[in-house]
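I opened the model today to look up a few local features. My notes follow in the order I took them.

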Amino acid sequence: MIKHTESHKTQHVGWLRAAVMGANDGIVSTASLIVGVAAAGASTEIIFMTGVAGLVAGAMSMAAGEYVSVSSQADTEKADIERERMELATDPLHEHEELTAIYIQRGLDRSLAQQVAKQLMDKDALSAHARDELGISKEFTARPVQAALSSAATFTVGALLPLVVVLLVSNNQLTVSVSICALIALAVLGAISALIGGASVAKAVSRVVFWGALAMGLTALVGRLFGV
């Protein structure tokens, strides 16, 4: 058996997306909330309490959102697989032709495509159809609980940074300090995600820093306009 030794980045896409989105959202939303309340002239105690409330609410929102969306994906996958199971049981010849047609479209001649379809169906017909007809594989199947927990955890980690700054910095320097620390953290996060995913570091960093700065700037403006 030939051992596959090549390393590809697509295997990281699933967990990387959830981790980056959670941490990024934790930093941006909590830092923006803190900056907005600080710009309104609130005390350090109120700012910290607001940040903690934002952390808890945000983490739960991320967990619930990921669980619901990924559960819907999982339900759809299960329904499609069950439908495929019934079709294989009632009309295996037609299913063989479907698989053959897929391999022909991918470049095999009919004779070879028929042989490949037969051998794969003899081994595990449902897995072959799930993978090549439906695009569903065990490696990338939806996992709602895992997605929810990872999103909540990464959001919490991201949100803790601006809260630590609140505890360490005086009130009159809070807005600037939280903004700078958040932008640095976003830049580091963008660089790490780009390196793991094999993408452009400069593009990833500029993207997250721009949107983070915009979010904090707009929230600070709201705080200035409506604060007391």
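**Entry 1: helix α4.** The model is a predicted one, and I read it as such. I began with Lys118 and Asp122, which both sit in helix α4, 4 residues apart, about one turn of the helix. Their side chains form a salt bridge, with the closest N and O atoms 2.9 Å apart. I then looked up how open each partner is. Lys118 is partly exposed at 48% relative accessibility. Asp122 has a relative accessible area of 55%, which makes it exposed because the cut-off is over 50%.

**Entry 2: His129.** I stayed in helix α4, which spans residues 110–132 and also holds His129. Is His129 buried or exposed? Its relative accessible area is 0%, so I noted His129 as buried. I listed its contacts, leaving out residues up to four places away in sequence: Glu84, Leu88, Glu95, Leu99, Met121 and Leu134.

**Entry 3: other salt bridges.** How many salt bridges does a search of the whole structure find? The search gives 4. Besides the pair in Entry 1, I wrote down two in helix α2.

- Asp80 and Arg83 meet in a salt bridge at 2.7 Å, N to O. Both lie in helix α2, 3 residues apart, about one turn of the helix. Asp80 is partly exposed at 24% relative accessibility, and Arg83 is partly exposed at 45%.
- Glu82 pairs with Arg85, and the closest N and O atoms are 3.4 Å apart. These two also lie in helix α2, 3 residues apart, about one turn of the helix. Glu82 is partly exposed with a relative accessible area of 38%, and Arg85 is partly exposed with 44%.

**Entry 4: nonpolar cores.** I turned to the interior next. In soluble globular proteins, nonpolar side chains tend to be buried together. The largest nonpolar core here has 29 residues, and Ile34, Ile47, Leu174 and Val178 touch the most other members. Which helices each supply at least two residues of this core? They are α1 (13–39), α2 (44–90), α5 (144–168), α6 (174–197) and α7. Helix α1 gives the most, with 8 residues.

I checked Leu174 separately. Leaving aside neighbours within four places in sequence, Leu174 is in contact with Ala38, Ile47, Val165, Val166 and Val169. There is also a second, separate core of 10 residues, which includes Leu88, Ile102, Ala125 and Ala128. Leu88 had already come up in Entry 2 as a contact of His129.

**Entry 5: aromatic pair and surface patch.** I searched the whole structure for aromatic pairs and found 1. The ring centres of Phe210 and Trp211 are 5.1 Å apart and the planes stand at 80°, so I recorded the pair as edge-to-face. Phe210 is partly exposed, with a relative accessible area of 47%. Trp211 counts as exposed, at 53% relative accessibility.

Both residues belong to a nonpolar surface patch of about 880 Å². The other members are Leu214, Leu218, Leu221, Val222, Leu225 and Phe226. I looked up one of them, Leu221, which is found in helix α7 (residues 201–226). Leu221 is partly exposed at 45% relative accessibility. Helix α7 was already in my notes as a contributor to the largest nonpolar core.

Technical notes. Residues numbered from 1 in each chain as written. Predicted model: local features only at pLDDT ≥ 70, side-chain atom pairs only at ≥ 80, totals over all residues. Heavy atoms only, no water. Buried < 20%, exposed > 50% of the residue type's maximum accessible area, 1.4 Å probe, protein only. Contact = heavy atoms within 4.5 Å. Phe/Tyr/Trp six-rings, centres within 6.5 Å; stacked < 30°, edge-to-face > 60°. Patch = residues over 30% accessible without salt bridge, like charges linked within 9 Å, V, L, I, M, F, W, Y side chains within 5 Å. Areas by Shrake-Rupley, 256 points an atom, 1.4 Å probe, with all protein chains shown as cover. Core = buried A, V, L, I, M, F, W, Y, C linked by side-chain atoms within 4.5 Å.
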